[in-house]
Amino acid sequence: MPRFTPFDFGVSRVMSLFHQDWKHEGDTPSDVVANDVARSQDEHVLAVRRDARALGSLPSPVLEVLWEAGCQHMPSFVPLGGGAAWTRTVVELCDARLSTVPEAHVLTGDDLEDGAACLDAVVAEIGSARFLTAEVRTALTGCARRCTPDLAFRILLRAVLCAPDASLSVARYARLQAIGSAMRYGEFLVDSVGFLVQDS
(Lines give C-alpha, C1' and ligand atoms only; values in the text may rest on other atoms or scores of the structure.)
Protein backbone atom coordinates (compact mmCIF):
# COMPACT_ATOMS: atom_id res chain seq x y z
CA MET A 1 0.00 0.00 0.00
CA PRO A 2 1.79 3.15 -1.23
CA ARG A 3 0.01 5.58 1.11
CA PHE A 4 -1.12 5.15 4.70
CA THR A 5 -4.63 4.47 3.38
CA PRO A 6 -6.02 2.99 0.16
CA PHE A 7 -9.01 5.33 0.43
CA ASP A 8 -9.52 9.09 0.29
CA PHE A 9 -7.74 11.24 2.86
CA GLY A 10 -7.15 14.82 3.94
CA VAL A 11 -9.62 17.63 3.33
CA SER A 12 -11.29 15.75 0.48
CA ARG A 13 -12.22 12.98 2.94
CA VAL A 14 -13.53 15.59 5.38
CA MET A 15 -15.73 16.89 2.56
CA SER A 16 -17.33 13.43 2.32
CA LEU A 17 -18.62 13.85 5.89
CA PHE A 18 -21.07 16.52 4.76
CA HIS A 19 -23.94 14.66 3.18
CA GLN A 20 -27.69 14.98 3.60
CA ASP A 21 -27.60 13.32 7.03
CA TRP A 22 -24.44 14.96 8.36
CA LYS A 23 -26.16 16.09 11.56
CA HIS A 24 -26.19 12.50 12.76
CA GLU A 25 -22.42 12.95 13.26
CA GLY A 26 -22.61 16.23 15.22
CA ASP A 27 -24.77 19.24 15.96
CA THR A 28 -22.51 21.66 14.07
CA PRO A 29 -19.98 21.31 11.23
CA SER A 30 -17.20 21.85 13.77
CA ASP A 31 -18.58 19.00 15.88
CA VAL A 32 -18.63 16.72 12.84
CA VAL A 33 -14.97 17.38 12.07
CA ALA A 34 -13.93 17.26 15.72
CA ASN A 35 -15.64 13.90 16.19
CA ASP A 36 -14.03 12.56 13.03
CA VAL A 37 -10.48 13.59 13.88
CA ALA A 38 -10.93 12.36 17.47
CA ARG A 39 -11.41 8.81 16.23
CA SER A 40 -8.92 8.99 13.33
CA GLN A 41 -5.35 7.77 13.31
CA ASP A 42 -2.62 10.38 13.47
CA GLU A 43 -1.77 10.15 9.76
CA HIS A 44 -5.33 11.04 8.79
CA VAL A 45 -5.30 14.09 11.04
CA LEU A 46 -1.89 15.19 9.76
CA ALA A 47 -3.13 14.91 6.18
CA VAL A 48 -6.25 16.96 6.93
CA ARG A 49 -4.19 19.65 8.62
CA ARG A 50 -1.66 19.79 5.78
CA ASP A 51 -4.44 20.18 3.20
CA ALA A 52 -6.30 22.83 5.21
CA ARG A 53 -3.12 24.81 5.75
CA ALA A 54 -2.41 24.69 2.01
CA LEU A 55 -5.92 25.91 1.25
CA GLY A 56 -5.24 28.92 3.46
CA SER A 57 -3.43 30.56 0.55
CA LEU A 58 -6.72 30.92 -1.34
CA PRO A 59 -9.30 33.72 -0.97
CA SER A 60 -12.35 33.02 1.14
CA PRO A 61 -14.85 33.04 -1.78
CA VAL A 62 -12.71 30.49 -3.66
CA LEU A 63 -12.60 28.28 -0.59
CA GLU A 64 -16.38 28.39 -0.36
CA VAL A 65 -16.64 27.26 -3.99
CA LEU A 66 -14.28 24.35 -3.33
CA TRP A 67 -16.01 23.20 -0.14
CA GLU A 68 -19.43 23.41 -1.78
CA ALA A 69 -18.21 21.52 -4.86
CA GLY A 70 -16.70 18.71 -2.79
CA CYS A 71 -19.59 18.25 -0.34
CA GLN A 72 -22.97 16.75 -1.07
CA HIS A 73 -24.51 19.12 1.47
CA MET A 74 -22.22 21.85 2.76
CA PRO A 75 -23.84 23.88 5.55
CA SER A 76 -24.20 27.63 5.15
CA PHE A 77 -20.97 29.56 5.49
CA VAL A 78 -22.68 32.49 7.26
CA PRO A 79 -22.56 30.99 10.79
CA LEU A 80 -19.11 29.56 10.00
CA GLY A 81 -17.67 33.01 9.29
CA GLY A 82 -16.94 32.32 5.62
CA GLY A 83 -14.69 29.93 3.74
CA ALA A 84 -11.40 31.17 5.18
CA ALA A 85 -12.64 31.09 8.78
CA TRP A 86 -14.07 27.59 8.30
CA THR A 87 -10.80 26.30 6.82
CA ARG A 88 -8.88 27.78 9.75
CA THR A 89 -11.31 26.03 12.09
CA VAL A 90 -10.44 22.72 10.47
CA VAL A 91 -6.73 23.42 11.07
CA GLU A 92 -7.42 24.33 14.71
CA LEU A 93 -9.43 21.16 15.28
CA CYS A 94 -6.54 19.11 13.91
CA ASP A 95 -4.07 21.01 16.08
CA ALA A 96 -6.19 20.31 19.16
CA ARG A 97 -6.37 16.60 18.34
CA LEU A 98 -2.63 16.33 17.65
CA SER A 99 -1.81 18.17 20.87
CA THR A 100 -3.05 15.10 22.75
CA VAL A 101 -0.35 12.93 21.14
CA PRO A 102 2.69 12.62 23.43
CA GLU A 103 5.17 12.31 20.55
CA ALA A 104 5.23 14.45 17.43
CA HIS A 105 4.20 12.63 14.28
CA VAL A 106 4.99 13.64 10.71
CA LEU A 107 4.02 12.36 7.30
CA THR A 108 6.83 10.53 5.54
CA GLY A 109 7.61 8.78 2.26
CA ASP A 110 4.87 8.70 -0.36
CA ASP A 111 2.50 10.48 2.04
CA LEU A 112 4.49 13.65 1.27
CA GLU A 113 3.73 13.42 -2.47
CA ASP A 114 2.29 16.76 -3.65
CA GLY A 115 1.81 15.82 -7.29
CA ALA A 116 3.93 18.64 -8.67
CA ALA A 117 4.96 16.52 -11.66
CA CYS A 118 1.27 16.03 -12.51
CA LEU A 119 0.30 19.72 -12.51
CA ASP A 120 -0.34 19.98 -16.26
CA ALA A 121 -2.30 16.72 -16.34
CA VAL A 122 -4.46 17.76 -13.37
CA VAL A 123 -5.17 21.21 -14.82
CA ALA A 124 -6.11 19.60 -18.15
CA GLU A 125 -8.60 17.25 -16.46
CA ILE A 126 -10.11 20.14 -14.52
CA GLY A 127 -10.49 22.23 -17.65
CA SER A 128 -12.17 19.48 -19.64
CA ALA A 129 -14.69 18.59 -16.90
CA ARG A 130 -17.49 20.57 -18.54
CA PHE A 131 -20.14 19.06 -16.27
CA LEU A 132 -18.65 21.29 -13.56
CA THR A 133 -19.44 25.00 -13.57
CA ALA A 134 -16.85 27.46 -14.81
CA GLU A 135 -16.60 28.83 -11.26
CA VAL A 136 -15.71 25.40 -9.87
CA ARG A 137 -13.19 24.72 -12.64
CA THR A 138 -11.52 28.08 -11.99
CA ALA A 139 -11.35 27.42 -8.25
CA LEU A 140 -9.89 23.96 -8.79
CA THR A 141 -7.29 25.31 -11.21
CA GLY A 142 -6.31 27.93 -8.64
CA CYS A 143 -6.02 25.20 -6.02
CA ALA A 144 -3.77 23.14 -8.31
CA ARG A 145 -1.48 26.07 -9.01
CA ARG A 146 -1.42 27.77 -5.59
CA CYS A 147 -1.81 24.80 -3.24
CA THR A 148 -0.85 21.39 -4.64
CA PRO A 149 -1.97 19.36 -7.67
CA ASP A 150 -2.56 16.43 -5.30
CA LEU A 151 -5.08 18.37 -3.23
CA ALA A 152 -6.80 19.82 -6.30
CA PHE A 153 -7.07 16.39 -7.89
CA ARG A 154 -8.66 14.84 -4.81
CA ILE A 155 -11.16 17.71 -4.58
CA LEU A 156 -11.83 17.28 -8.30
CA LEU A 157 -12.75 13.64 -7.67
CA ARG A 158 -15.09 14.76 -4.88
CA ALA A 159 -16.63 17.37 -7.20
CA VAL A 160 -17.16 14.68 -9.84
CA LEU A 161 -18.96 12.53 -7.27
CA CYS A 162 -21.19 15.43 -6.20
CA ALA A 163 -21.96 16.87 -9.66
CA PRO A 164 -25.51 15.95 -10.69
CA ASP A 165 -24.71 15.42 -14.39
CA ALA A 166 -21.25 13.91 -14.14
CA SER A 167 -20.24 11.06 -16.41
CA LEU A 168 -16.84 9.75 -17.44
CA SER A 169 -15.66 8.23 -20.68
CA VAL A 170 -13.45 5.17 -20.58
CA ALA A 171 -10.56 7.30 -21.82
CA ARG A 172 -11.07 9.99 -19.14
CA TYR A 173 -11.26 7.40 -16.40
CA ALA A 174 -8.02 5.86 -17.65
CA ARG A 175 -6.37 9.28 -17.45
CA LEU A 176 -7.65 9.78 -13.90
CA GLN A 177 -6.29 6.38 -12.93
CA ALA A 178 -2.91 7.25 -14.45
CA ILE A 179 -2.76 10.46 -12.40
CA GLY A 180 -3.76 8.56 -9.28
CA SER A 181 -1.01 6.03 -9.89
CA ALA A 182 1.54 8.83 -10.32
CA MET A 183 0.32 10.34 -7.04
CA ARG A 184 0.91 6.98 -5.30
CA TYR A 185 -2.75 6.70 -4.28
CA GLY A 186 -4.18 3.51 -2.85
CA GLU A 187 -6.44 1.37 -5.00
CA PHE A 188 -9.83 2.75 -3.93
CA LEU A 189 -9.37 6.53 -4.22
CA VAL A 190 -9.81 7.02 -7.98
CA ASP A 191 -11.94 3.89 -8.09
CA SER A 192 -14.61 5.83 -6.17
CA VAL A 193 -15.71 7.52 -9.43
CA GLY A 194 -15.50 4.36 -11.53
CA PHE A 195 -19.26 3.78 -11.45
CA LEU A 196 -19.69 6.97 -13.53
CA VAL A 197 -17.91 5.49 -16.54
CA GLN A 198 -20.09 5.25 -19.62
CA ASP A 199 -19.15 2.54 -22.13
CA SER A 200 -20.19 4.53 -25.18
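**Exercise 1.** In this predicted model, decide whether tryptophan 67 and tryptophan 86 are buried or exposed, then describe how their rings pair.

*Solution.* Start with accessibility: tryptophan 67 is buried, and tryptophan 86 is buried too. Next, look at the rings. Their centres are 5.8 Å apart and their planes make 70°. Planes over 60 degrees apart count as edge-to-face, so this aromatic pair is edge-to-face. Finally, place the partners: tryptophan 67 belongs to helix α4 (residues 60–70) and tryptophan 86 to helix α5, so the pair ties together parts 19 residues apart in sequence.

**Exercise 2.** How many aromatic pairs does the structure hold, and what does the pair of phenylalanine 18 and tryptophan 86 tie together?

*Solution.* The count is seven aromatic pairs. In one of them, phenylalanine 18 meets tryptophan 86 edge-to-face, at 6.1 Å centre to centre with 80° between the planes. Phenylalanine 18 sits in the loop between α1 (10–15) and α2 (29–38), while tryptophan 86 is in helix α5, so parts 68 residues apart in sequence are tied together. Both residues are buried. Elsewhere, ring pairs join Phe4, Phe9, Phe153 and Tyr185 into a cluster.

**Exercise 3.** Work out how helices α3 and α5 pack, and sort the residues of their contact.

*Solution.* Take the geometry to begin with: α3 (residues 42–55) and α5 (residues 83–98) pack at about 150°, with axes 9 Å apart. Angles over 145 count as roughly antiparallel, and α3 and α5 are therefore roughly antiparallel. Their crossing is left-handed. Now the contact: residues including Val45, Leu46 and Arg49 of α3 meet residues of α5, among them Val90, Val91 and Cys94. The contact residues divide into nine nonpolar, one polar and five charged.

Key
Residues numbered from 1 in each chain as written. Predicted model: local features only at pLDDT ≥ 70, side-chain atom pairs only at ≥ 80, totals over all residues. Heavy atoms only, no water. Axes fitted to C-alpha atoms, helices over the stretch in contact; angles between N-to-C directions. Helix = DSSP H or I, 4+ residues; strand = E, 2+ residues; numbered from the N terminus. Parallel < 35°, antiparallel > 145°, perpendicular 65-115°, else oblique. Left-handed = near helix turned anticlockwise from the far one by under 90°. Contact = heavy atoms within 4.5 Å. Nonpolar A, V, L, I, M, F, W, Y, C, P; charged D, E, K, R; others polar. Phe/Tyr/Trp six-rings, centres within 6.5 Å; stacked < 30°, edge-to-face > 60°. Buried < 20%, exposed > 50% of the residue type's maximum accessible area, 1.4 Å probe, protein only.
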